[in-house]
Amino acid sequence: EARKRIDKIDGYLQKKQWENVRSELTRQMYDLRKSTNILVGNSAAGKAKAEKLYQDMENSIWEIQLIMN
């Protein structure tokens, strides 16, 4: 499912459908965060790494949104 969503982004970019790009990236980010949290369980080190990954992804999405505006 995730791969299908990511594959859609290129088409949205070509059609300049910015809201669809933002929606797909945001949805994917939250799905990844949920999956990562499940995988790391109660590991403090794992949670810290997962939070860093999430923050990096969120910053990248904000940068993309700034470019699109």
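A salt bridge is taken here as a side-chain nitrogen of Lys or Arg within 4 Å of a carboxyl oxygen of Asp or Glu. By this rule, the predicted model contains five salt bridges. Three of these pairs are described below, followed by helix α3.

**Salt bridges**

Side chains of opposite charge can pair when their charged atoms come close. The table includes three of the pairs, with the separation of their closest N and O atoms.

| Acidic residue | Basic residue | Closest N and O atoms |
|---|---|---|
| Asp31 | Arg5 | 2.6 Å |
| Glu19 | Arg22 | 2.4 Å |
| Glu24 | Arg27 | 3.2 Å |

The salt bridge between Asp31 and Arg5 links distant parts of the chain: Asp31 belongs to helix α2 (residues 18-40) and Arg5 to helix α1 (residues 2-14), with their positions 26 residues apart in numbering. Asp31 has a relative accessibility of 33% and is therefore classed as partly exposed. Arg5, at 12%, counts as buried, because the cut-off for burial is under 20% relative accessible area.

The pair formed by Glu19 and Arg22 is contained in helix α2, where the two residues are three apart, about one turn of the helix. Glu19 is partly exposed at 47% relative accessibility, and Arg22 is likewise partly exposed, at 30%.

Helix α2 also holds Arg27 and Glu24, which are separated by about one helical turn because they are three residues apart. An α-helix has 3.6 residues a turn, so residues three or four places apart point the same way. The closest N and O atoms of Arg27 and Glu24 are 3.2 Å apart. The accessibilities of the two partners fall in separate classes: Arg27 is partly exposed, with a relative accessible area of 39%, whereas Glu24 is buried, at 7% relative accessibility.

**Helix α3 and its packing**

Helix α3 comprises residues 44-68, a run of 25 residues. From its first C-alpha to its last, helix α3 reaches 36 Å, close to the 36 Å expected at 1.5 Å a residue.

Which residues of α3 are buried? They are Gly46, Ala50, Tyr54, Glu58, Ile61, Gln65 and Met68. Against which helix do the buried residues of α3 pack? Their packing partner is α2, the helix that also contains Asp31 and the pair Glu19 and Arg22.

Conventions
Residues numbered from 1 in each chain as written. Predicted model: local features only at pLDDT ≥ 70, side-chain atom pairs only at ≥ 80, totals over all residues. Heavy atoms only, no water. Helix = DSSP H or I, 4+ residues; strand = E, 2+ residues; numbered from the N terminus. Buried < 20%, exposed > 50% of the residue type's maximum accessible area, 1.4 Å probe, protein only. Expected span 1.5 Å × (residues − 1). Contact = heavy atoms within 4.5 Å.
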